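Got your viewer open? Let's take a walk through this chain together, one selection at a time.

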Amino acid sequence: MSTALIPKPEVAIEYTPFGSNDKIKLTAGIVRRFVASKTASGQEASDTDCMKFMALCKARGLNPFEGDAFLQGYDSKDGPKFSLITAHQRSEEHTSELQSH
């Protein structure tokens, strides 16, 4: 019996961002490569940080590839930290107008 580790498939989240007709796909690897910034010391976001970011983007209909959301890394005395930053918020009135069209 082999004791080699079998890699787990990466969790993917697919959704259609607000105001778009096209679905996007996010994985922790995609977030780390294209969206998240490393800390000053070069630390990358953990899978947990990436999953929280992906869930936020899906829940709010944000498209990080269009600058709707960012995952910013920084060093703290307790180790690397990552902040989820959204670029804008939709007003309820504006959302209602867009959904009625």
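Which residue in E5 stands opposite Asp-75? Select Asp-75 and look across: the residue facing it is Pro-80, in E5. Keep in mind as you go that this is a predicted model.

**Stop 1: the hairpin and its sheet**

Stay where you are and show E4 and E5 as a cartoon. A hairpin joins the two strands through two residues. E4 and E5 are antiparallel, and eight bridges pair them. To see another of these pairs, pick Tyr-74, whose bridge partner in E5 is Lys-81.

Now add E3, which covers residues 36–37. E3 runs parallel to E4, with two bridges between them. Select Ser-37 and you will find Gln-72 of E4 opposite. Together the three strands make an open sheet, ordered E3-E4-E5, with mixed pairing. E3 and E5 (79–86) are the edge strands: each has a single partner strand, so one side of each has no neighbour in the sheet.

While you have the strands on screen, a general point may help you read them: in a regular strand, side chains alternate between the two faces of the sheet.

**Stop 2: the whole chain**

Zoom out and colour by secondary structure. You should count three helices and five strands. Starting from the N terminus, the order of elements is β-β-α-β-α-β-β-α. The protein chain has 101 residues, and 30% of them count as buried. If you switch on a surface, its accessible area is about 7,300 Å², with carbon and sulfur atoms contributing 51%. For a contact map, take the contacts with a separation of 6 or more: 48% of them link residues 24 or more positions apart.

**Stop 3: helix H1**

Next, select H1, residues 28–35. Which residues of H1 are buried? They are Ala-28, Gly-29, Ile-30, Val-31 and Val-35. The buried residues of this helix pack against E2, E3, H2 and E4.

Show Val-31 as sticks and expand the selection around this side chain. Setting aside neighbours within four places in sequence, Val-31 contacts Leu-26, Ala-36, Cys-50, Phe-53, Met-54 and Leu-71.

**Stop 4: the nonpolar core**

Val-31 also leads you into the largest nonpolar core, which has 18 residues. Highlight Tyr-15, Leu-26, Val-31, Ala-45, Phe-53, Cys-57 and Leu-71, the members that touch the most others. At least two core residues come from each of E1 (12–15), E2 (24–27), H1, H2 (47–60) and E4 (69–76). As a general tendency, nonpolar side chains in soluble globular proteins are buried together.

**Stop 5: two cysteines**

Pick Cys-50 and Cys-57. Are they buried or exposed? Cys-50 has 0% relative accessibility, so this residue counts as buried. Cys-57 is also at 0% and therefore counts as buried. If you look for disulfides anywhere in the structure, you will find zero.

**Stop 6: Thr-27**

For the last stop, select Thr-27 in strand E2. Why does Thr-27 count as buried? Its relative accessibility is 5%, and the cut-off for buried is under 20%, so Thr-27 qualifies. Leaving out residues up to four places away in sequence, Thr-27 touches Glu-10, Val-11, Ala-12 and Met-54. Keep Met-54 selected and you can step back to Val-31, which contacts Met-54 as well.

Technical notes
Residues are numbered from 1 along each chain as its sequence is written. This is a predicted model: local features need pLDDT of at least 70, side-chain atom pairs count only at pLDDT 80 or more; totals for chains, interfaces and linings use all residues. Side-chain values use heavy atoms; hydrogens and water are left out. A nonpolar core is a set of buried Ala, Val, Leu, Ile, Met, Phe, Trp, Tyr and Cys residues joined through side-chain atoms within 4.5 Å. Buried means under 20% relative accessible area, exposed over 50%, partly exposed in between (1.4 Å probe, protein chains only). Helices (H or I, at least four residues) and strands (E, at least two) are DSSP runs, numbered from the N terminus. Contact means heavy atoms within 4.5 Å. A disulfide is a pair of cysteine sulfur atoms within 2.5 Å. Two strands pair if DSSP finds at least two bridges between them. Accessible areas come from the Shrake-Rupley method with a 1.4 Å probe; for residues, only the protein chains shown count as cover.
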